[in-house]
Amino acid sequence: MQVLVIGNGGREHAILLALKKSKRVEKLYCMKGNAGTAQIAQNVDVDYMNAEAVKKFALEHPEIDYYVVAPDDPLAMGLVDELEAIGKRCFGPRKNAAIIEASKAFSKNLMQKYGIPTAESRTFDSYDKALEYVREKGAPIVLKADGLALGKGVLVCEDLKQAEEGLKEIMLDKSFGAAGNVVVVEEYMRGLKYNPGEEVSVLSFTDGKTIVPMITSCDHKRANDRDKGLNTGGMGTFSPCPFWTEELEKEVLEKIMVPTMNAMNAEGRTFKGCLYFGLMRTDKGMKVVEYNSRFGDPETQVVLPMLKTDLLDIFEAVTDGRLSDIKIEWEDGACVCVVLASGGYPLSYAKGKEITVGDVGDCDIIHAGTAIKDGKLVTSGGRVLGVVAKGKTLDIARRKAYQAAENIHFENKHFRTDIGNKYKNG
């Protein structure tokens, strides 16, 4: 089969590397891709946010059998619907299901309606009413822009002044554009031992009838060590989550994952694809922090390398509604991804800095913000590369990842030195 993956970041490179292992894959494409995807796939220079251009390309290339729509924006736009309308087979939810990520107001209402455990919240389209509610509730409190904001539209406000400024930033200053026309104001959830709480990412495959959790992972959102600095798209991940147990998985399946799948069916929004559950362990049990309608980035970089089952087999089973027929197996051990970012990220940063890669052992180097310019590998984004290492234990994987990271160089390289230390004592 010939398979095309839509997207141009680290997640897409990781998906392509997993698909490359399939004996059934003859050729891979990536739209638009980056310097790393070009090493294993044919990059296609088409704007994937232009549905007509994508459909034109698809009709001109009937040899491509299958499409994987990976990023949130084209899913929310309805690119899967558009491709299916011209007879193309796809992995990814349709527009009416992708709303579970595209609108935080929708997902909070869904959870409240169907009794899925989450933080108490209220939704506002009026700045004045939202401000009044924030002042009434006090801090700490959490503010979420309703729409898609590159993973940065959530503000955890420690005090009232911060909350008032954050609300102004989202709703009046439009720091996240139209995503901030509506805001969700949410209680600050407290964890069992950690503050604000122990979080875990659980990606799942679902065809709307069956839902299968993948191995767990933990993200590091803040730009700097010890979770200091601004929120980012993710500075690194590790798998598995140290505090995850069979008992927790059973609880999450029964109280959160299956009820979410059933709720989407009941709403006439059957979800087929990768449904991501961002969860927190609290003194009142596991609760949903957020949903994503696709593979997380950089969670995918540590989850898919541990997959033993053919990824294309799983994708097609989801598309065909026969996921229950597939046995999904995972490797033992651990996996760590350290993100190498451009200095200044997530604010302003320079591009076009030459990258040199030395000895990285058996680590995978996942490209995100990279390009080829004048025959040289250069930076072209905030998150530049992900260094992915596997090991029998988390400590072994960490050590390998950081040794490799030291042998990769570009001007103003920035990375956290504590990836994998989170929740170390379980």
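**View 1. Phe415, a buried ring in a predicted model.** Let's start with one side chain: Phe415 has 16% relative accessibility, so it counts as buried, the cut-off being under 20%.

**View 2. Phe124 and Tyr133, a tilted pair.** Counting ring pairs through the chain gives eight aromatic pairs. Here's one of them: Phe124 and Tyr133 sit 5.3 Å apart, centre to centre, with 45° between their planes, which makes the pair tilted. Are these two rings buried or exposed? Phe124 is buried, at 7% relative accessibility, and Tyr133 is buried too, with a relative accessible area of 9%.

**View 3. Tyr402 meets Phe415.** Back to Phe415, now with its partner: Tyr402 and Phe415 make a tilted aromatic pair, 6.1 Å from centre to centre and with 40° between the planes. Where do the two residues come from? Tyr402 belongs to helix α12 (residues 394-405), while Phe415 lies in the segment after β25 (413-414), so the pair links parts of the chain 13 residues apart. Tyr402 is buried as well, at 12% relative accessibility.

**View 4. A cluster of Phe rings.** Phe91, Phe205, Phe295 and Phe315 come together in one aromatic cluster.

**View 5. Stepping back to the whole chain.** The chain has twelve helices and 25 strands, and its C-alpha atoms fill a box of roughly 60 × 45 × 45 Å along the principal axes. Its radius of gyration is 21 Å, which agrees with the value near 22 Å for a compact globule of 426 residues. Of those 426 residues, 56% count as buried. Among contacts with a separation of 6 or more, 68% are between residues 24 or more positions apart.

Conventions
Residues numbered from 1 in each chain as written. Predicted model: local features only at pLDDT ≥ 70, side-chain atom pairs only at ≥ 80, totals over all residues. Heavy atoms only, no water. Helix = DSSP H or I, 4+ residues; strand = E, 2+ residues; numbered from the N terminus. Rg over C-alpha atoms; globule rule 2.2 N^0.38 Å. Buried < 20%, exposed > 50% of the residue type's maximum accessible area, 1.4 Å probe, protein only. Contact = heavy atoms within 4.5 Å. Phe/Tyr/Trp six-rings, centres within 6.5 Å; stacked < 30°, edge-to-face > 60°.
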